[in-house]
Amino acid sequence: DAISATAALCEAAAYYKQKGMTLWDAMIAMYEKYGYYKDDVKAITLKGIEGLEKIQTILETLRADAPKEIGGYKVLKVRDYTITDLADGKVTPTGLPASNVLYYELEDDAWVCVRPSGTEPKVKFYYGIKGTSLEEADAKSESLGKEVLAMIEKML
């Protein structure tokens, strides 16, 4: 995968060089056209049997009582083997195999995904936002990350 990705990146760099652009210039042009998206991840480490139990409790709590908002963003849909539209209650299949992952589609093109690590005593929180500038995207991402961790800390 890394070799193919590196070859594709080199090809893109050569293409944009012919246009008098750097890869950074091309990325900024895409951001300007589509929006400044930023993804990040936070994790909470909970060691031992007690930690494993807490991780399971976090997932069970989020599954049984889906939050209506996360970090100031209204939750629109919840994916957990199925997709539940919180506005009308409609449930549709994801078409994906069963797994211990929860995905929250939020307003304003934001999202949060929660899953336990398969190799470490951690629960991971992936999230993404959309901003109107790099600065706004960074600020919104930092804020959402803090809010997600604060929400989980209340469960511990």
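# Worked exercises on a predicted model

**Exercise 1. Locate Lys 68 in the chain and classify its accessibility.**

Step 1. Lys 68 belongs to the loop that runs between α3 (48-64) and β2 (69-70). The helices (DSSP runs of H or I, at least four residues) and strands (runs of E, at least two) are numbered from the N terminus.

Step 2. The structure is a predicted model, in which local features need pLDDT of at least 70 and side-chain atom pairs count only at pLDDT 80 or more, whereas totals for chains, interfaces and linings use all residues. Residues are numbered from 1 along each chain as its sequence is written, and side-chain values use heavy atoms, with hydrogens and water left out.

Step 3. Lys 68 is exposed, because its relative accessibility is 60%. The classes are buried (under 20% relative accessible area), exposed (over 50%) and partly exposed (in between), computed with a 1.4 Å probe and protein chains only.

Step 4. From C-alpha to C-alpha, Lys 68 and Ala 5 are 38 Å apart in space, with their positions 63 residues apart in sequence.

**Exercise 2. Describe the overall architecture of the protein, beginning with its helices and strands.**

Step 1. The protein has four helices and eight strands.

Step 2. Their order along the sequence is α-α-β-α-β-β-β-β-β-β-β-α.

Step 3. Along the principal axes, the C-alpha atoms occupy a box of roughly 55 × 35 × 30 Å.

Step 4. The protein comprises 156 residues, 28% of which count as buried.

**Exercise 3. Which residue forms a salt bridge with Asp 108, and which with Asp 109?**

Step 1. A salt bridge requires a side-chain nitrogen of Lys or Arg within 4 Å of a carboxyl oxygen of Asp or Glu. The count comes to seven salt bridges.

Step 2. Asp 108 pairs with Lys 140 through their side chains, at 2.8 Å from N to O. Asp 108 sits in the loop between β6 and β7 and Lys 140 in helix α4 (residues 134-153), so this salt bridge ties together parts that are 32 residues apart in sequence.

Step 3. Asp 109 pairs with Lys 130, and their closest N and O atoms are 3.7 Å apart. This second pair also links distant parts of the chain, with Asp 109 in the loop between β6 and β7 and Lys 130 in strand β8 (residues 122-131), 21 residues apart.

Step 4. Asp 108 is partly exposed at 44% relative accessible area, Asp 109 is partly exposed at 43%, and Lys 130 is partly exposed at 25%.

Step 5. The backbone of this loop, which lies between β6 (102-106) and β7 (111-116), merits a separate check. Asp 108 has a positive phi of about 60° although it is not a glycine. Asp 109, likewise not a glycine, has a positive phi of about 60°.

**Exercise 4. Why are Lys 146 and Glu 142 separated by about one helical turn?**

Step 1. Lys 146 and Glu 142 form a salt bridge, with their closest N and O atoms 3.1 Å apart.

Step 2. The two residues are four positions apart in helix α4, which means that about one helical turn separates them.

Step 3. Lys 146 is exposed, with 52% relative accessible area, whereas Glu 142 is partly exposed, with 48%.

**Exercise 5. Characterize the largest pocket by its volume and its lining.**

Step 1. On a 1 Å grid over the protein atoms alone, a pocket is an open set of points where a 1.4 Å probe fits, with protein on both sides within 12 Å along at least five of seven lines. Grid points are joined across faces, edges and corners, and the volume is the space filled by probe spheres set on the points.

Step 2. The volume of the largest pocket is about 150 Å³.

Step 3. The lining residues, which have an atom within 4 Å of a point, include Arg 79, Asp 80, Tyr 81, Thr 94 and Leu 96. Also among them are Pro 97, Ser 99, Val 101 and Tyr 103.

Step 4. The lining divides into five nonpolar, two polar and two charged residues. Here Ala, Val, Leu, Ile, Met, Phe, Trp, Tyr, Cys and Pro count as nonpolar, Asp, Glu, Lys and Arg as charged, and the others, Gly among them, as polar.
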